[in-house]
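Colleague: I have a few labels to check with you before I use this model. Can we go through them one at a time?

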Amino acid sequence: LDRKSGKPIYLVCNADESEPGTFKDRQIIHQDPHQLIEGMMCAAFAIQAELAFIYIRGEFFQGYKILERAIEEAREKNFLGDDILGSGYSCDIIVHRGAGAYICGEETGLIESLEGFRANPRIKPPYFPAALGAYQCPTIVNNVETLCDVKHIIDMGGEAFAKSGTRIWCVSGHVQKPGYYEFACADVTLGQLIYDVCGGLKPGRKLKAVIPGGSSAKILRADERFKGKLKDGSEFDWGIEDIPMDFDSLMAVGSMSGSGGVIVMDDTTDMVEALANINYFYAHESCGQCTPCREGVPWMRKVTQRMVDGEAREEDAELLKSIADQIAGRTICAFGEAASWPVQSFIAKFKDEFVEKAKEQAARRKEGAPAAKETTLI
(Lines give C-alpha, C1' and ligand atoms only; values in the text may rest on other atoms or scores of the structure.)
Protein backbone atom coordinates (compact mmCIF):
# COMPACT_ATOMS: atom_id res chain seq x y z
CA LEU A 1 0.00 0.00 0.00
CA ASP A 2 1.06 3.58 -0.65
CA ARG A 3 2.54 5.11 2.51
CA LYS A 4 0.78 8.46 2.07
CA SER A 5 -2.67 7.52 0.77
CA GLY A 6 -3.03 3.96 2.02
CA LYS A 7 -4.27 2.97 -1.45
CA PRO A 8 -2.99 -0.01 -3.48
CA ILE A 9 -0.23 0.69 -6.03
CA TYR A 10 -0.45 -0.48 -9.64
CA LEU A 11 2.07 -0.97 -12.42
CA VAL A 12 0.92 -0.66 -16.05
CA CYS A 13 2.89 -1.69 -19.11
CA ASN A 14 1.93 0.34 -22.17
CA ALA A 15 1.98 -2.14 -25.07
CA ASP A 16 -0.43 -0.10 -27.19
CA GLU A 17 2.21 0.45 -29.88
CA SER A 18 0.50 2.71 -32.42
CA GLU A 19 3.07 5.21 -33.72
CA PRO A 20 3.47 4.85 -37.51
CA GLY A 21 6.90 3.49 -38.37
CA THR A 22 7.32 1.78 -34.98
CA PHE A 23 7.27 -1.95 -34.31
CA LYS A 24 9.82 -2.57 -31.53
CA ASP A 25 7.45 -3.54 -28.71
CA ARG A 26 5.63 -6.07 -30.88
CA GLN A 27 8.93 -7.82 -31.66
CA ILE A 28 9.89 -8.00 -27.98
CA ILE A 29 6.51 -9.49 -27.11
CA HIS A 30 6.72 -12.03 -29.93
CA GLN A 31 10.36 -13.03 -29.42
CA ASP A 32 11.11 -12.60 -25.70
CA PRO A 33 8.00 -12.11 -23.56
CA HIS A 34 9.74 -13.38 -20.43
CA GLN A 35 12.18 -10.45 -20.57
CA LEU A 36 9.18 -8.15 -20.24
CA ILE A 37 7.65 -10.20 -17.42
CA GLU A 38 10.93 -10.22 -15.49
CA GLY A 39 11.37 -6.46 -15.91
CA MET A 40 7.79 -5.86 -14.80
CA MET A 41 8.13 -7.99 -11.69
CA CYS A 42 11.37 -6.24 -10.71
CA ALA A 43 9.65 -2.87 -11.16
CA ALA A 44 6.53 -4.05 -9.33
CA PHE A 45 8.60 -5.25 -6.36
CA ALA A 46 10.49 -1.95 -6.24
CA ILE A 47 7.28 0.05 -5.91
CA GLN A 48 5.45 -2.70 -3.97
CA ALA A 49 2.65 -2.90 -6.54
CA GLU A 50 -0.23 -5.21 -5.69
CA LEU A 51 -1.16 -5.83 -9.30
CA ALA A 52 0.33 -5.20 -12.74
CA PHE A 53 -1.36 -4.80 -16.10
CA ILE A 54 -0.15 -5.15 -19.67
CA TYR A 55 -2.36 -2.97 -21.86
CA ILE A 56 -1.88 -4.43 -25.34
CA ARG A 57 -3.15 -3.09 -28.65
CA GLY A 58 -6.27 -4.95 -29.76
CA GLU A 59 -4.81 -5.82 -33.18
CA PHE A 60 -1.89 -7.65 -31.55
CA PHE A 61 -3.92 -10.83 -31.14
CA GLN A 62 -0.93 -13.14 -31.57
CA GLY A 63 1.07 -11.06 -29.08
CA TYR A 64 -1.80 -11.34 -26.60
CA LYS A 65 -1.77 -15.13 -26.83
CA ILE A 66 2.03 -15.25 -26.47
CA LEU A 67 1.89 -13.08 -23.34
CA GLU A 68 -0.90 -15.14 -21.76
CA ARG A 69 1.11 -18.31 -22.31
CA ALA A 70 4.33 -16.75 -20.98
CA ILE A 71 2.55 -15.42 -17.87
CA GLU A 72 1.15 -18.88 -17.17
CA GLU A 73 4.65 -20.36 -17.52
CA ALA A 74 6.03 -17.76 -15.10
CA ARG A 75 3.20 -18.42 -12.68
CA GLU A 76 3.98 -22.15 -12.72
CA LYS A 77 7.56 -21.34 -11.70
CA ASN A 78 6.26 -19.00 -8.94
CA PHE A 79 7.92 -15.99 -10.60
CA LEU A 80 4.62 -14.17 -10.13
CA GLY A 81 1.43 -14.77 -8.17
CA ASP A 82 1.21 -15.47 -4.43
CA ASP A 83 4.31 -15.45 -2.19
CA ILE A 84 6.77 -15.16 -5.10
CA LEU A 85 9.71 -17.55 -4.52
CA GLY A 86 8.90 -17.60 -0.82
CA SER A 87 9.62 -13.89 -0.44
CA GLY A 88 6.29 -13.01 1.12
CA TYR A 89 5.64 -10.60 -1.77
CA SER A 90 2.64 -11.26 -4.04
CA CYS A 91 1.83 -9.68 -7.39
CA ASP A 92 0.11 -10.91 -10.52
CA ILE A 93 -0.09 -9.63 -14.13
CA ILE A 94 -3.32 -9.14 -16.08
CA VAL A 95 -3.22 -8.70 -19.88
CA HIS A 96 -5.86 -6.19 -21.00
CA ARG A 97 -6.66 -5.89 -24.70
CA GLY A 98 -7.35 -2.38 -25.98
CA ALA A 99 -9.67 -1.39 -28.79
CA GLY A 100 -7.00 -0.22 -31.23
CA ALA A 101 -6.83 3.55 -30.84
CA TYR A 102 -3.65 5.65 -31.02
CA ILE A 103 -4.85 7.87 -28.17
CA CYS A 104 -4.72 4.84 -25.85
CA GLY A 105 -0.94 5.15 -25.99
CA GLU A 106 -1.23 8.35 -23.94
CA GLU A 107 -0.88 7.20 -20.34
CA THR A 108 -4.03 8.76 -18.89
CA GLY A 109 -6.10 7.83 -21.94
CA LEU A 110 -4.81 4.29 -21.47
CA ILE A 111 -5.87 4.33 -17.81
CA GLU A 112 -9.35 5.55 -18.77
CA SER A 113 -9.64 2.70 -21.26
CA LEU A 114 -8.30 0.21 -18.72
CA GLU A 115 -11.08 1.26 -16.36
CA GLY A 116 -13.67 0.64 -19.08
CA PHE A 117 -14.27 4.22 -20.24
CA ARG A 118 -13.70 6.07 -23.48
CA ALA A 119 -9.97 6.81 -23.80
CA ASN A 120 -10.11 10.57 -23.23
CA PRO A 121 -6.84 11.78 -21.66
CA ARG A 122 -7.16 13.29 -18.22
CA ILE A 123 -6.19 16.80 -17.17
CA LYS A 124 -2.85 17.05 -15.37
CA PRO A 125 -2.93 18.32 -12.67
CA PRO A 126 -4.58 16.81 -10.74
CA TYR A 127 -4.54 13.45 -12.54
CA PHE A 128 -0.85 12.61 -12.52
CA PRO A 129 -0.80 8.79 -12.63
CA ALA A 130 1.77 8.52 -9.82
CA ALA A 131 -0.82 10.10 -7.51
CA LEU A 132 -4.21 9.50 -9.14
CA GLY A 133 -3.87 6.76 -11.74
CA ALA A 134 -5.79 3.52 -12.28
CA TYR A 135 -8.89 3.44 -10.08
CA GLN A 136 -7.68 6.72 -8.52
CA CYS A 137 -4.70 4.91 -7.00
CA PRO A 138 -0.95 5.54 -7.41
CA THR A 139 0.09 4.05 -10.75
CA ILE A 140 3.34 3.78 -12.69
CA VAL A 141 3.01 3.57 -16.49
CA ASN A 142 5.95 2.64 -18.71
CA ASN A 143 6.30 1.11 -22.15
CA VAL A 144 7.55 -2.34 -23.11
CA GLU A 145 11.13 -1.39 -23.98
CA THR A 146 11.60 0.62 -20.78
CA LEU A 147 10.38 -2.19 -18.53
CA CYS A 148 12.58 -4.69 -20.35
CA ASP A 149 15.54 -2.42 -19.58
CA VAL A 150 14.93 -2.82 -15.84
CA LYS A 151 16.46 -6.29 -15.65
CA HIS A 152 19.55 -5.15 -17.58
CA ILE A 153 19.97 -2.10 -15.35
CA ILE A 154 19.87 -4.39 -12.31
CA ASP A 155 22.40 -6.76 -13.89
CA MET A 156 24.80 -4.04 -15.14
CA GLY A 157 24.23 -1.24 -12.69
CA GLY A 158 22.83 2.17 -13.56
CA GLU A 159 26.14 3.82 -14.42
CA ALA A 160 27.23 1.04 -16.78
CA PHE A 161 23.84 0.91 -18.45
CA ALA A 162 23.89 4.67 -18.99
CA LYS A 163 27.16 4.26 -20.90
CA SER A 164 26.41 1.12 -22.91
CA GLY A 165 22.67 0.55 -22.67
CA THR A 166 20.99 -0.23 -25.97
CA ARG A 167 18.16 1.30 -27.96
CA ILE A 168 15.95 -0.43 -30.51
CA TRP A 169 15.50 1.14 -33.94
CA CYS A 170 12.70 0.27 -36.36
CA VAL A 171 13.90 1.26 -39.82
CA SER A 172 11.40 1.53 -42.66
CA GLY A 173 11.06 3.37 -45.94
CA HIS A 174 13.47 3.55 -48.86
CA VAL A 175 16.33 1.34 -47.66
CA GLN A 176 17.52 -2.01 -48.94
CA LYS A 177 17.11 -3.84 -45.62
CA PRO A 178 14.38 -2.31 -43.47
CA GLY A 179 14.00 -3.97 -40.11
CA TYR A 180 14.46 -4.10 -36.36
CA TYR A 181 17.92 -3.30 -35.02
CA GLU A 182 19.44 -2.87 -31.55
CA PHE A 183 22.58 -0.88 -30.75
CA ALA A 184 24.19 0.99 -27.92
CA CYS A 185 23.02 4.54 -28.60
CA ALA A 186 26.48 6.07 -28.80
CA ASP A 187 27.79 3.33 -31.10
CA VAL A 188 25.88 4.18 -34.28
CA THR A 189 25.23 7.29 -36.35
CA LEU A 190 22.26 7.86 -38.62
CA GLY A 191 24.49 7.37 -41.65
CA GLN A 192 25.84 4.06 -40.35
CA LEU A 193 22.32 2.88 -39.61
CA ILE A 194 21.10 3.71 -43.13
CA TYR A 195 24.13 2.65 -45.20
CA ASP A 196 26.07 0.05 -43.21
CA VAL A 197 23.25 -1.67 -41.34
CA CYS A 198 20.32 -1.26 -43.74
CA GLY A 199 22.29 -1.58 -46.98
CA GLY A 200 21.74 1.97 -48.18
CA LEU A 201 19.13 3.26 -50.59
CA LYS A 202 17.90 1.56 -53.72
CA PRO A 203 20.22 1.81 -56.75
CA GLY A 204 20.27 5.26 -58.32
CA ARG A 205 18.43 6.92 -55.43
CA LYS A 206 19.64 9.74 -53.17
CA LEU A 207 18.71 10.41 -49.57
CA LYS A 208 16.18 13.23 -49.25
CA ALA A 209 14.95 13.22 -45.65
CA VAL A 210 14.65 11.15 -42.48
CA ILE A 211 12.07 11.08 -39.71
CA PRO A 212 14.18 9.68 -36.83
CA GLY A 213 11.67 8.88 -34.08
CA GLY A 214 8.28 7.86 -35.44
CA SER A 215 5.82 9.91 -37.50
CA SER A 216 5.40 12.63 -34.87
CA ALA A 217 9.13 13.43 -34.78
CA LYS A 218 10.28 16.44 -36.77
CA ILE A 219 11.78 15.65 -40.17
CA LEU A 220 15.45 16.21 -41.06
CA ARG A 221 16.64 17.24 -44.54
CA ALA A 222 19.50 15.25 -46.04
CA ASP A 223 21.31 18.39 -47.27
CA GLU A 224 21.22 20.26 -43.93
CA ARG A 225 24.16 21.18 -41.71
CA PHE A 226 23.41 20.96 -38.02
CA LYS A 227 25.41 23.22 -35.73
CA GLY A 228 25.07 23.93 -32.02
CA LYS A 229 25.98 22.76 -28.54
CA LEU A 230 25.12 19.58 -26.68
CA LYS A 231 24.06 19.51 -23.03
CA ASP A 232 27.66 18.91 -21.96
CA GLY A 233 28.70 22.15 -23.66
CA SER A 234 30.55 20.51 -26.57
CA GLU A 235 29.95 22.01 -29.99
CA PHE A 236 28.90 20.02 -33.04
CA ASP A 237 28.84 20.55 -36.79
CA TRP A 238 27.17 17.55 -38.43
CA GLY A 239 25.72 16.49 -41.71
CA ILE A 240 22.68 14.22 -41.44
CA GLU A 241 24.84 11.10 -41.69
CA ASP A 242 27.02 12.22 -38.76
CA ILE A 243 24.22 12.50 -36.19
CA PRO A 244 24.71 10.04 -33.29
CA MET A 245 21.53 8.10 -32.57
CA ASP A 246 21.26 9.08 -28.92
CA PHE A 247 18.57 11.08 -27.20
CA ASP A 248 20.53 14.29 -26.66
CA SER A 249 22.00 14.47 -30.17
CA LEU A 250 18.68 14.02 -31.95
CA MET A 251 17.12 16.65 -29.70
CA ALA A 252 20.02 19.01 -30.38
CA VAL A 253 19.40 18.86 -34.16
CA GLY A 254 15.74 19.73 -33.71
CA SER A 255 14.03 16.34 -33.66
CA MET A 256 13.79 13.50 -31.14
CA SER A 257 14.52 9.83 -30.58
CA GLY A 258 10.82 9.32 -29.85
CA SER A 259 9.54 5.82 -30.45
CA GLY A 260 12.64 4.72 -32.37
CA GLY A 261 10.85 4.58 -35.73
CA VAL A 262 13.34 5.70 -38.40
CA ILE A 263 11.50 6.50 -41.65
CA VAL A 264 13.88 6.99 -44.59
CA MET A 265 12.80 8.94 -47.69
CA ASP A 266 14.71 9.06 -50.97
CA ASP A 267 14.54 11.61 -53.78
CA THR A 268 11.44 10.03 -55.32
CA THR A 269 9.33 11.08 -52.32
CA ASP A 270 6.60 13.67 -52.86
CA MET A 271 6.71 15.54 -49.56
CA VAL A 272 3.16 16.85 -49.95
CA GLU A 273 1.81 13.32 -50.32
CA ALA A 274 3.97 12.11 -47.43
CA LEU A 275 2.55 14.81 -45.14
CA ALA A 276 -0.97 14.14 -46.40
CA ASN A 277 -0.61 10.51 -45.32
CA ILE A 278 0.57 11.54 -41.85
CA ASN A 279 -2.26 14.08 -41.51
CA TYR A 280 -4.81 11.46 -42.51
CA PHE A 281 -3.61 9.23 -39.69
CA TYR A 282 -3.75 11.90 -36.99
CA ALA A 283 -7.14 13.20 -38.11
CA HIS A 284 -8.50 9.68 -37.83
CA GLU A 285 -6.96 9.05 -34.40
CA SER A 286 -7.88 12.24 -32.51
CA CYS A 287 -10.16 11.52 -29.56
CA GLY A 288 -11.96 14.81 -30.20
CA GLN A 289 -11.94 15.96 -26.58
CA CYS A 290 -10.05 19.22 -27.21
CA THR A 291 -11.32 21.73 -29.76
CA PRO A 292 -7.89 22.45 -31.30
CA CYS A 293 -7.45 18.74 -32.08
CA ARG A 294 -11.05 17.99 -32.97
CA GLU A 295 -11.25 20.87 -35.44
CA GLY A 296 -7.65 21.70 -36.37
CA VAL A 297 -6.25 18.28 -37.21
CA PRO A 298 -9.04 17.48 -39.73
CA TRP A 299 -8.48 20.93 -41.27
CA MET A 300 -4.84 20.02 -41.87
CA ARG A 301 -5.93 16.73 -43.40
CA LYS A 302 -8.40 18.48 -45.72
CA VAL A 303 -5.80 21.00 -46.89
CA THR A 304 -3.19 18.37 -47.74
CA GLN A 305 -5.82 16.10 -49.31
CA ARG A 306 -6.91 18.99 -51.52
CA MET A 307 -3.28 19.55 -52.50
CA VAL A 308 -2.74 15.96 -53.62
CA ASP A 309 -6.08 16.07 -55.44
CA GLY A 310 -4.79 18.82 -57.74
CA GLU A 311 -6.37 21.86 -56.07
CA ALA A 312 -3.34 23.26 -54.25
CA ARG A 313 -2.95 26.99 -53.63
CA GLU A 314 0.31 28.86 -53.02
CA GLU A 315 -0.92 30.09 -49.63
CA ASP A 316 -1.62 26.52 -48.44
CA ALA A 317 1.85 26.13 -46.92
CA GLU A 318 1.35 29.14 -44.65
CA LEU A 319 -2.22 28.05 -43.92
CA LEU A 320 -1.02 24.63 -42.76
CA LYS A 321 1.62 26.18 -40.52
CA SER A 322 -0.91 28.59 -39.05
CA ILE A 323 -3.30 25.77 -38.16
CA ALA A 324 -0.51 23.64 -36.64
CA ASP A 325 0.77 26.58 -34.60
CA GLN A 326 -2.69 27.04 -33.09
CA ILE A 327 -2.91 23.36 -32.06
CA ALA A 328 0.47 22.74 -30.45
CA GLY A 329 0.53 23.51 -26.73
CA ARG A 330 -3.22 24.03 -26.50
CA THR A 331 -4.50 20.53 -25.77
CA ILE A 332 -4.93 18.35 -22.69
CA CYS A 333 -2.41 15.76 -23.85
CA ALA A 334 0.57 15.66 -26.22
CA PHE A 335 -1.52 14.54 -29.20
CA GLY A 336 -1.69 18.16 -30.33
CA GLU A 337 2.09 18.31 -30.58
CA ALA A 338 2.24 14.87 -32.24
CA ALA A 339 -0.11 16.07 -34.98
CA SER A 340 1.44 19.54 -35.33
CA TRP A 341 5.15 18.79 -35.38
CA PRO A 342 5.13 16.93 -38.73
CA VAL A 343 3.27 19.83 -40.37
CA GLN A 344 5.51 22.47 -38.82
CA SER A 345 8.71 20.66 -39.78
CA PHE A 346 7.62 19.65 -43.30
CA ILE A 347 6.69 23.25 -44.06
CA ALA A 348 9.88 24.61 -42.46
CA LYS A 349 12.12 22.20 -44.38
CA PHE A 350 10.24 21.70 -47.67
CA LYS A 351 8.07 24.77 -48.14
CA ASP A 352 9.48 25.25 -51.65
CA GLU A 353 7.98 21.91 -52.73
CA PHE A 354 4.55 22.86 -51.42
CA VAL A 355 4.65 26.19 -53.25
CA GLU A 356 5.99 24.62 -56.45
CA LYS A 357 3.25 21.98 -56.46
CA ALA A 358 0.66 24.73 -56.05
CA LYS A 359 2.13 26.68 -58.99
CA GLU A 360 2.17 23.62 -61.23
CA GLN A 361 -1.42 22.75 -60.38
CA ALA A 362 -2.54 26.35 -60.90
CA ALA A 363 -0.92 26.32 -64.35
CA ARG A 364 -2.69 23.07 -65.21
CA ARG A 365 -6.03 24.47 -64.11
CA LYS A 366 -5.46 27.65 -66.14
CA GLU A 367 -4.73 25.59 -69.23
CA GLY A 368 -7.88 23.59 -68.66
CA ALA A 369 -6.00 20.36 -68.08
CA PRO A 370 -7.66 17.75 -65.85
CA ALA A 371 -6.69 17.72 -62.18
CA ALA A 372 -4.07 15.28 -61.01
CA LYS A 373 -5.31 11.79 -60.27
CA GLU A 374 -6.78 11.62 -56.81
CA THR A 375 -4.56 9.93 -54.26
CA THR A 376 -6.32 7.56 -51.89
CA LEU A 377 -4.73 7.78 -48.45
CA ILE A 378 -4.74 4.72 -46.24
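**Checking the labels**

Modeller: This is a predicted model. A search of the whole structure turns up 0 disulfides.

Colleague: How do you know that cysteine 104 is in no disulfide?

Modeller: Look at the distance. The nearest cysteine sulfur, that of cysteine 287, is 9.7 Å away from cysteine 104. A disulfide needs two cysteine sulfur atoms within 2.5 Å, so cysteine 104 is in none.

Colleague: What keeps cysteine 287 from a bond with its closest cysteine sulfur?

Modeller: That sulfur belongs to cysteine 290 and is 6.2 Å away. The limit is 2.5 Å, so this is too far for a bond.

Colleague: Why is cysteine 104 called buried?

Modeller: Its relative accessibility is 2%. Buried means under 20%, so cysteine 104 counts as buried. Cysteine 287, at 15%, counts as buried by that cut-off.

Colleague: Why do glutamine 48 and tyrosine 135 count as partly exposed?

Modeller: Glutamine 48 has a relative accessible area of 39%. Tyrosine 135 is at 40%. Partly exposed lies between 20% and 50%, so the label fits glutamine 48 and tyrosine 135.

Colleague: What makes the backbone of those two residues worth a look?

Modeller: Most residues other than glycine have a negative phi. Glutamine 48 has a positive phi, near 60 degrees, and sits in the loop between helix 2 and strand 2. Tyrosine 135 has a positive phi of about 55 degrees and is in the loop between helix 4 and strand 4. The loop between helix 4 and strand 4 also holds proline 125 and proline 126. The peptide bond from lysine 124 to proline 125 is cis, with omega near -5 degrees. The bond from proline 125 to proline 126 is cis as well, with omega near 10 degrees.

Colleague: Why is helix 2 called roughly perpendicular to helix 5?

Modeller: The two helices pack at about 75 degrees, with their axes 7 Å apart. Roughly perpendicular covers 65 to 115 degrees, so the label applies to helix 2 and helix 5. The residues of their contact divide into 9 nonpolar, 3 polar and 2 charged.

Colleague: What makes strand 11 mostly covered?

Modeller: In strand 11, 6 of its 6 residues are buried. Gly261, Ile263 and Met265 are on one side, and Val262, Val264 and Asp266 on the other.

Colleague: How do you know that strand 5 pairs with strand 11?

Modeller: Pairing takes at least two bridges. Strand 5 and strand 11 share 4, in the parallel sense, so they pair. Strand 7 and strand 11 have 4 bridges in the antiparallel sense, so they pair too.

Technical notes: Residues numbered from 1 in each chain as written. Predicted model: local features only at pLDDT ≥ 70, side-chain atom pairs only at ≥ 80, totals over all residues. Heavy atoms only, no water. Buried < 20%, exposed > 50% of the residue type's maximum accessible area, 1.4 Å probe, protein only. Axes fitted to C-alpha atoms, helices over the stretch in contact; angles between N-to-C directions. Parallel < 35°, antiparallel > 145°, perpendicular 65-115°, else oblique. Nonpolar A, V, L, I, M, F, W, Y, C, P; charged D, E, K, R; others polar.
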